[in-house]
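Here's a quick briefing on one helix and one pocket. Have a look at the structure first, then we'll go through them in turn.

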Amino acid sequence: MTITDIRDAILTGETAEVGALPVPEAYRGVTVHADEAGMFDGIPSRDKDPRKSLHVDEVPTPEPGPGEALIAVMASAINYNTVWTSIFEPIPTFKFLQRYGKLSPLAKRHDQPYHVVGSDAAGVVLRTGPGVHRWKPGDEIVAHCLNVELEGPDGHNDTMLDSDQRIWGFETNFGGLAELALVKANQLMPKPDHLTWEEAACPGLVNSTAYRQLVTTNGANMKQGDVVLIWGASGGLGSYATQFALNGGAIPVCVVSSPEKAEIVRRMGAELVIDRNAEGYRFWKDENTQDPKEWQRFGARIRELTGGEDPDIVFEHPGRETFGASVYAARKGGTIVTCASTSGYLHQYDNRYLWMNLKRIIGSHFANYRESWEANRLIAKGLIHPTLSRTYSMTETGQAALDVHRNAHQGKVGVLCLAPEEGLGVRDVEKRSKHIDRINLFRGA
């Protein structure tokens, strides 16, 4: 009995039978290797190539412990944390695994000389550990990436504040870019039944992140009529922020980097669009000096589009490159909500524009269990849609990560794991037909 038998049972719709099939002793997963963590030393970040560090290896199958589940992964997706992992920045993720491994004998399994990466997954439950009652083998699921112990008090109001909160597949092992994956059972959510495996896999991390960052009281608490400046509005994170802004009655100002990306956000329904490359914004004069005149020119352009209004909310994730402009551009009393920092973590801004104008900076990181569930519910109801543009095979994960690293992609980039081809896994054809244009909006972009 092999992994192929599990895949075939899922493909023929016999998902209830997978619990009776033996679990293979090993499986294929996308990994980085601890003995290669120094391979890019001295090379600028932009020149580091994930194709050199990401491998497809056969690794031993972990046994699900208490509160855990082993899942068969039909499809996964690329997030920027996989790019960071692949270029060993800001630190090699093996330091995360070592730290986690000291927590308990159960966590010790994660401390390996290899790291199976990936923080998104759509698939089927294979096995559950002791104490798992909500889920059973054969359930079709997606997994969110919040790994949390909940043994201390801090996480019980907001699980993201737990002292032992981690991102699965980045700060833990056995991630989603693989044929099998190990998760905590409370990471599981129902797979939206009108989506294919690859479509269902792609929203998880970014959809939940954008939901918390923009919509909830833990983030910017967006309301109707708010002007929302969205950086990278057609990208993996921004494409969901744009949808939430439009759905919530806000007024998105979408910043993109090409005419093609501008056209995508217009097709999503956004009317106010800035192509930052076409308009030539250069917020830094050199590596160490920002240009406030460019902030002012950018702010004037926003007011031109909005009829004289500054953004109530700035949806920040590029980080170093844009943060000074973001703090400047937000209205008096406005909010800059920030995560990720894909262009660099060391943000610089002129504090006069923050302090004298009573603006707020809010740090936001992924989403708690409830927020993830609510964000997935919106996908399942067809109110928010996947932004999948292209799908790769698992052996092409290095190229997929390189595309994201170089911002040569639109929306989300998917990866087929056990699914042999695209287009499989749809259970509700009628619901799908109602939303097919939106589902396919990013395809081929």
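Contact here means heavy atoms within 4.5 Å of each other. Keep in mind that this is a predicted model. We'll start with helix α10, which covers residues 292–306, and then turn to the second largest pocket, with a volume of about 170 Å³.

**Helix α10**

- With 15 residues at 1.5 Å a residue, α10 should span 21 Å, and its end C-alpha atoms are indeed 21 Å apart, so the two values agree.
- The buried residues in α10 are Glu294, Trp295, Phe298, Gly299, Arg301, Ile302 and Thr306.
- Those residues take up an arc of only 155 degrees around the axis, so they sit on the same side of α10.
- Flip to the other side of α10 and you'll find Lys293 and Glu304 exposed.
- Several strands help cover the buried residues of α10, including β11 (227–231), β12 (251–256), β13 (272–275) and β15 (289–290).
- Helices α11 (323–329) and α12 (351–355) are also part of that cover.
- Right after α10 comes Gly307, with a positive phi near 80 degrees.

**The second largest pocket**

- Of the 13 residues lining this pocket, Arg7, Arg28, Cys417, Leu418 and Ala419 are the closest to its centre.
- Helix α1 (residues 3–11) supplies the largest share of the lining, at 3 residues.
- By type, the lining splits into 7 nonpolar, 3 polar and 3 charged residues.

Note on methods. Residues numbered from 1 in each chain as written. Predicted model: local features only at pLDDT ≥ 70, side-chain atom pairs only at ≥ 80, totals over all residues. Heavy atoms only, no water. Helix = DSSP H or I, 4+ residues; strand = E, 2+ residues; numbered from the N terminus. Expected span 1.5 Å × (residues − 1). Buried < 20%, exposed > 50% of the residue type's maximum accessible area, 1.4 Å probe, protein only. Arc of directions from axis to C-beta. 1 Å grid on protein atoms, 1.4 Å probe; cavity = no way out; pocket = protein on both sides within 12 Å on 5 of 7 lines; lining within 4 Å. Points joined across faces, edges and corners; volume = space filled by probe spheres on them. Nonpolar A, V, L, I, M, F, W, Y, C, P; charged D, E, K, R; others polar.
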